[in-house]
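Colleague: Please pick one part of this model and take me through it closely. I would like to know what it is built from and what surrounds it.

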Amino acid sequence: MNRLPTCLVAFRRTSSSLYHPKNNSTINSRIWNIRRLTNAAATKKLPLAGLKVLDMSRVLAGPYCTQILGDLGAEIIKIEHPVRGDDTRAWGPPYATYKDGRDGVGESAYYLSVNRNKRSLGLSFAHPEGVEILHQLARECDVLVENYLPNSLKKYDLDYETIRHINPHLIYTSITGYGQTGPYSNRPGFDVMVEAEFGLAHLTGSRDGPPVKVGVAVTDLTTGLYACNSIMAALLARGITGEGQHLDVCLSDCQVATLANMGSSVLISGEKDSGRWGTAHPSVVPYQSFKTADGDIFVGGANDRLFGILCERLGRPEWKDGKRFGSNNERVRNRNVLEGMIEIETAKRTTKEWQQIFEGSGLPFAVVNDVQATMNHEHVRARGMVQTIDHPSCGPIKVISPPVKYSNAEPSIRSPPPVLGQHTQEILQDVVGFSDSRIQELKAKGVVA
């Protein structure tokens, strides 16, 4: 027997208590929605099957969040400007070139990275009729995700206060640079600005070098993950109360939260942080990359036992019992000496030779690979982290797979990232209920594309 998700069982238990004669049509709609969710979840190995998400976000944090929801089975309706589309459609090269004869350079790799398992509706909400369509979609959806500056959607009647009266059960998720409140709330914020302003760039880079940004937009990505996690929690809460809510998720808060132990260190000590360490660790030694005869190798002697293994494999067993290096406190105190001694030894052999020496020893170690080597890595391939999918206009393309493996669920790439407005016709017909003639009229006005 298939078991229903706890949130859906709870939601179904509480549905009868939501009934009120004056709100009969709304309640009937919600009960139908509950049945749709429970039936879908019971019959498919997709945890979020039956969930509908209205995605009004662009660029990275929002689309990354909604892609995760889509991988888990949610139906994602992506709203895009009818001419430009998502900003990242123009963020290239590289592009996957069109092979179906359409004009343009192709679909950007950036856009393709965070927009699978979605349907694209090209729509302008500068038109009142576009707003009406979005209101109808919001009425039908369980979650809305947007990443506009605070209060900028109010003039279109797409703000939370307006939408919650249309659908009080909706989880309305606002993703911004600096949040809905505070002195910076009306600032536009990109990942790199938040990395700089809130500590991450200061901690990143080589010793005695300048601050640098992380190689990927990690603050956007962690914000997308926090948003996704918060949506899941809000859905569970809705399953108990039947009520939706507004989620205020911002890059600055998420960046401060992910300072983690580094943030905690300055809060506890009251002192300035320890600055940049390159690949090294401020309080664990040795825990960094060292030069080899032909490259680099990363080793993690994170405790006395692991340091002892490293000493044995380096052919320097006497180091592990020496007064200067016998404990981590001593190794941190004498790090400059120890790191130099270790690198003298690692430089005597190639990276491959050190891999063979360390393999099976119990010592954590790693080769320092570039991104291309990562995508072709034997472990990455064995874990199924790269897939080839068929794009409707670009043909076969390689994409990164959903990362989490479930024992009783099958998150999957069921559809490729859509071309702009690919699903406008079917969404307006199937979800909104418009006729062909009405859709053609809206296209002629520039409301949809």
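Modeller: Here is a walk through one sheet, followed by its surroundings. Keep in mind that the model is predicted.

Start with the whole protein. It has 449 residues, and 45% of them count as buried. Its secondary structure comes to 19 helices and 13 strands. The C-alpha trace spans about 80 × 55 × 50 Å along its principal axes. Now look at contacts between residues at least 6 apart in sequence. Of these, 68% join residues at least 24 apart.

Now to the sheet. It is an open sheet of 6 strands, and their pairing is parallel. Read across it and the order is β5-β2-β1-β6-β7-β8. What stands at the edges? β5 (118-122) and β8 (245-250) do. Each has a single partner strand, so one side of each is left without a neighbour in the sheet. From one strand to the next, the twist averages 20 degrees.

Take the β8 edge. Strand β7 (residues 171-176) is joined to β8 by 6 bridges, and the two run parallel. One pair to find on screen is T176 and its bridge partner C250, in β8. The helix α9 packs on this sheet. It touches β6 (143-146), β7 and β8. The direction of α9 makes about 165 degrees with that of β8.

Next, move inward to strand β1 (residues 52-56), where L54 is found. Is L54 buried or exposed? Its relative accessible area is 0%, and the cut-off for buried is under 20%, so L54 counts as buried. What is L54 in contact with? Leave aside its neighbours within four places in sequence. The list then holds I77, I79, L134, L137, A138, C141, V143, L144 and V145. Pick L134 from that list. L54 and L134 are 80 residues apart in sequence. In space, they are 8.7 Å apart, C-alpha to C-alpha.

Helix α9 also takes us to the largest pocket. Rolling a probe the size of a water molecule over the atoms shows where empty space is left. About 1,400 Å³ of space lies in the largest pocket. Its lining has 41 residues, and S113, V114, M375, V399 and I400 lie nearest its centre. Which elements give two or more residues to that lining? They are α3 (61-71), β3 (95-96), α4 (109-113), α9 (218-241), α16 (371-375), α17 (378-382) and β13 (395-400). By class, the lining has 30 nonpolar, 7 polar and 4 charged residues.

Finally, set another sheet beside the one above. In this open sheet 3 strands lie in the order β9-β10-β11, and the pairing is antiparallel. Its edge strands are β9 (287-291) and β11 (365-367), each pairing on one side only. Neighbouring strands here are turned by 25 degrees against each other on average, direction ignored. β9 and β10 form a hairpin with 4 residues between them. They run antiparallel and are joined by 5 bridges. Within that pairing, K291 stands opposite D296 in β10. On the other pairing, β10 (residues 296-300) and β11 are antiparallel over 3 bridges. There, I297 has V367 in β11 as its bridge partner.

Methods: Residues numbered from 1 in each chain as written. Predicted model: local features only at pLDDT ≥ 70, side-chain atom pairs only at ≥ 80, totals over all residues. Heavy atoms only, no water. Pairing = 2+ DSSP bridges. Axes fitted to C-alpha atoms, helices over the stretch in contact; angles between N-to-C directions. 1 Å grid on protein atoms, 1.4 Å probe; cavity = no way out; pocket = protein on both sides within 12 Å on 5 of 7 lines; lining within 4 Å. Points joined across faces, edges and corners; volume = space filled by probe spheres on them. Nonpolar A, V, L, I, M, F, W, Y, C, P; charged D, E, K, R; others polar. Contact = heavy atoms within 4.5 Å. Buried < 20%, exposed > 50% of the residue type's maximum accessible area, 1.4 Å probe, protein only.
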